[in-house]
Amino acid sequence: MNMNVSDWFGLLTTAFAIGALVGSLFRNASVKARLTIAAIVTLASTIPLPFDTRPSLAMVVYALTGLLSVTTLTILTCCLFQFSVPNRRKRIAAAAFVTGVFLYGGEIGAIPFDLFQYGYLPLYALAFAVVGIVLSDAIGAVTIFAGYVLYVFGIYDNYFTSMIDPILWVAATAFLLRSFLLHLNNKKATPSSVPASR
Amino acid sequence: MKSIAIKSGCIVIAVVLGYLQPQYAPPKFYIEEKVAQTAEPSETSYAPGFVDVPTPSVHASTITELPDRRFMLAWFGGSKEGAPDVNIYSCEMDWNGNLSQPKVLLDRKTLQRQTGRYIRKLGNPLLYCQDGRLHFFVVSVSVGGWSGSSINYACSDDRGETWTPLRRLKLSPLFNVSALVRCPPVPMTNDCIGLPIYHEFICKYGEFVVMDSHGRLFQKTKGHYDLRTLQPCSAVISPTEALVAFRNGHENGGTVKTAVTSDAGQTWTPIPDLPIENPDSCLALLKTDDGTLLLVGNPIEGRGTLNLWKSRTDDLQNWTLCAALENESGCEFSYPTLLKDSAGRVHLIYTWKRKSICHRVLSPELWNAEQVKDTAQSGGKEE
């Protein structure tokens, strides 16, 4: 198939993401079973569908989502292997939320600052990557590094697209909102649960 | 300790990779040297020519000059705009304006196969030749209307015989949708191209993208703060200065929106609207060898009138109507594209009633003469 490397990467990672998402839904299954399910779904998502130009499910999803970020792929891989560090979730979500506000807000014209344009410039991309590596833990550093390497080799046109995508931003926003609401509920519940001292 | 070692290793390798990567030096606009007039006016036919199109409906034509003094045209055609059977067609034209038979340049299946994405419909094509390399941009939609568009890119070093695989340019962080292209790029130094693009998702606004001749993107800047401006067309004035005119996307119409740059496209500053009506229709802008700015567009709603205006680069607020190139109510003469060829001749192509693509070489008398000429009577095609 006459396809460029970036789109090969995008199509394969989209197929993997579909498989990983379905596989990680089976929470009570063993890692081996989840991997098997993920592999089967990944392969199935590349089978042509019987409509219009016979695209596969992966092609349709890839057309909708575009290249998924390395961060999303890392999180999906962690979900598949049920590898999670709870303390890290809020930090990742907060970083993704703030970056997304500037990226997407600037894109739709809601804020007069276009952060996205700096992601095309190699020197800025290097600076963003180094700061990100310094501020994150080991897994985060490797993820940011991998995103930067893929940007350098032209898989991602823009450095920010290797770090964040709208799906990650929506998930991060939902996670932060849920955490905030839980925090409010706990605050409300705490005074009434303490018996009066008088 | 282990974490510090991993992070240090990542930083060292990233810095080395960053150092080895070609750095971006902001290019300037490339000004071609004034060429000798190699085509005498008597040799040039100013009569309109029409492409013999194989489809019921055509639109959004583009033209570029190839290195061997031939021209390549492209447009989209099918049963109607946005239909599944719309393909990108192209044909060649020789120096004297003789057109070859159109052939399919791209269909949906080919684009789907090359980009790995489902493609629902095809849109505006754009051809541009610089330093012997032919660049091809095409708008595609996977979901929704034109606001869900993306720009795909390929290039050819053999006049379009073979192409690199098409790939989708990443121009938006938001699912990479709503990037469209319509008007021709401008040449830049450092082997770069300045490509005017626009967005249509939620807001409509133009942007200026700088990419190298291999399609690597380096810069993207907003062209106008008015979020109802689209289809930017540009004219280079000097190595650092350029004018961009936008289609006015306001629902109640308005005048031509403009912006200028004085740092070769790194920033754009809106200037007062041109005193030309623009009821949401595409424009074409060009600077001739003698410094005249030419603008072609539809001043009346319905796109039945196609006018040519002129101005000077040192007086952007005064525009003179030179000619009504087409004037027939109830018909559509739209989406003009201007091209200055290597002999300095000015070519104009546009959608002719959605039934054909009309090509004209504009006579310099049109903008050198003082009085307005109505050439519409001689510009019609016999049906």
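Two residues are in contact if their C-beta atoms, placed from the backbone, lie within 7 Å. The exercises below apply this criterion to a predicted model.

**Exercise 1.** Determine which residues are in contact with B:I151, leaving aside its neighbours within four places in sequence.

*Solution.* Apply the 7 Å cut-off to C-beta atoms. With neighbours within four places in sequence set aside, the partners of B:I151 are B:F137, B:V139, B:L169, B:L171, B:A179, B:L180, B:V181 and B:I197. Next, place B:I151 in its wider setting: the largest nonpolar core comprises 147 residues, and B:I151 is listed with B:L73, B:A245 and B:L285 as having the most contacts inside it. Finally, consider chain A: domain 1 (1-66) and domain 2 (85-186) each supply at least three residues to this core.

**Exercise 2.** Describe how the two domains of chain A meet.

*Solution.* Begin with the division of chain A into domain 1 (1-66) and domain 2 (85-186). Over C-alpha atoms, their centres are 24 Å apart. Then count the contacts: four residues of domain 1 of chain A touch four of domain 2 of chain A. On the domain 1 side, helix α1 (residues 5-25) of chain A gives the most, with three residues. By class, that side has two nonpolar, two polar and no charged residues.

**Exercise 3.** Characterise the side of chain A that touches chain B.

*Solution.* First, establish the extent: 49 residues of chain A are in contact with 45 residues of chain B. Second, identify the elements of chain A that give two or more residues to its side: α1, α3 (57-65), α5 (86-107), α6 (122-135), α7 (138-152) and α8 (159-163). Third, sort that side by class, which yields 32 nonpolar, twelve polar and five charged residues.

How values were computed: Residues are numbered from 1 along each chain as its sequence is written. Chains are lettered from A and ligands numbered from 1 in the order in which they are written. This is a predicted model: local features need pLDDT of at least 70, side-chain atom pairs count only at pLDDT 80 or more; totals for chains, interfaces and linings use all residues. Domain bounds come from an automatic or database domain assignment. Helices (H or I, at least four residues) and strands (E, at least two) are DSSP runs, numbered from the N terminus. Ala, Val, Leu, Ile, Met, Phe, Trp, Tyr, Cys and Pro count as nonpolar, Asp, Glu, Lys and Arg as charged, and the others, Gly among them, as polar. A nonpolar core is a set of buried Ala, Val, Leu, Ile, Met, Phe, Trp, Tyr and Cys residues joined through C-beta atoms within 7 Å. A residue is buried if 20 or more other C-beta atoms lie within 10 Å of its own, exposed if 12 or fewer, and partly exposed in between; C-beta atoms are placed from the backbone.
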